[in-house]
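Q: I'd like to learn how to read a model like this one, feature by feature. Could you take me through it?

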Amino acid sequence: MDELHVENRPERSRYELRRGHELIGFADYRPREGGIAITHTKVEDEYEGRGFGTRLAQAALDDARERGLEVDPLCPFVAHFMRLHPEYERLRPE
């Protein structure tokens, strides 16, 4: 089985979680000066409840942190993830 991977797709303004060529889920974002606003996260129904949303949120936040971007978590799932993982709270805009 192919490994899971998350890829930033700036031309589509989203991060995509894939297993091989299969799309498992995505996190839409809007670019902002100095950062991004994550607006919506979706995991395909057959994959819900198995940690894929967490994997997607973590990868998107790790990428933003590595790129020095602030993250405005407009998506309730990502906002909740950030509250549960304080190491990501500093990515929020002041």
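A: Gladly, and let's start with one residue: Tyr29 counts as buried because its relative accessibility is 7%. Buried means under 20% relative accessible area, exposed over 50%, and partly exposed in between, with a 1.4 Å probe and protein chains only. Keep in mind that this is a predicted model, where local features need pLDDT of at least 70, side-chain atom pairs count only at pLDDT 80 or more, and totals for chains, interfaces and linings use all residues. Residues are numbered from 1 along each chain as its sequence is written, and side-chain values use heavy atoms, with hydrogens and water left out.

Q: Where is Tyr29 placed, and which residues does Tyr29 touch?

A: A contact means heavy atoms within 4.5 Å. Tyr29 sits in strand E3. Not counting residues up to four places away in sequence, Tyr29 touches Asn8, Arg9, Pro10, Ser13, Arg14, Tyr15, Ile36, Ala37, Ile38 and Thr39. By contrast, Tyr29 and Tyr47 are 18 residues apart in sequence and 21 Å apart in space, C-alpha to C-alpha.

Q: How many helices and strands does the protein have, and in what order do the elements run?

A: Helices (H or I, at least four residues) and strands (E, at least two) are DSSP runs, numbered from the N terminus. This protein has two helices and five strands. Read from the N terminus on, the order is β-β-β-β-α-β-α.

Q: Arg14 is on the contact list of Tyr29. Is Arg14 buried or exposed?

A: Arg14 counts as buried, because its relative accessibility is 10%. Its place is in strand E2. With residues up to four places away in sequence set aside, Arg14 touches Glu7, Asn8, Arg9, Leu23, Phe26, Ala27, Asp28 and Tyr29.

Q: What is there to see at Ser13, in the loop between E1 and E2?

A: Look at the backbone: phi of Ser13 is near 55°, a positive value in a residue other than glycine. The loop that holds Ser13 joins strand E1 (4–9) to strand E2 (14–19). Ser13 is partly exposed, because its relative accessibility is 22%. Beyond its neighbours within four places in sequence, Ser13 is in contact with Ala27, Asp28, Tyr29 and Pro31. The C-alpha atoms of Ser13 and Gly25, 12 residues apart along the chain, are separated by 14 Å.

Q: Which residues does Gly34 contact further along the chain?

A: Setting aside its neighbours within four places in sequence, Gly34 is in contact with Gly68, Leu69 and Glu70. Gly34 and Glu70 are 36 residues apart along the chain, with 6.3 Å between their C-alpha atoms. Gly34 belongs to the loop between strand E3 (22–32) and E4. Its relative accessibility is 43%, so Gly34 counts as partly exposed.

Q: Why do the buried residues of a helix line one face?

A: An α-helix has 3.6 residues a turn, so residues three or four places apart point the same way. In helix H2 (residues 76–84), the buried residues are Val78, Ala79, Phe81 and Met82. Seen down the axis of H2, these residues fall within an arc of 160°, so they line one face of the helix. That arc is taken from the directions from the helix axis to the C-beta atoms. The face turned away from the buried side carries the exposed residues Pro76, Arg83 and Leu84. The cover over the buried residues of H2 includes strand E4 (35–43), helix H1 (52–66) and strand E5 (70–73).

Q: What about Glu87, in the segment after H2?

A: Glu87 is partly exposed, because its relative accessible area is 36%. Glu87 and Ala60 are 27 residues apart in sequence, and their C-alpha atoms are 14 Å apart in space.

Q: How does the radius of gyration agree with that of a compact globule?

A: The radius of gyration is taken over C-alpha atoms, and the globule rule is 2.2 Å times the number of residues to the power 0.38. With 94 residues, a compact globule would come out near 12 Å, and the protein has 13 Å, which agrees. Along the principal axes, the C-alpha atoms fill a box of roughly 40 × 30 × 20 Å. Buried residues make up 40% of the 94 residues. Of the contacts with a separation of 6 or more, 36% are between residues 24 or more positions apart.
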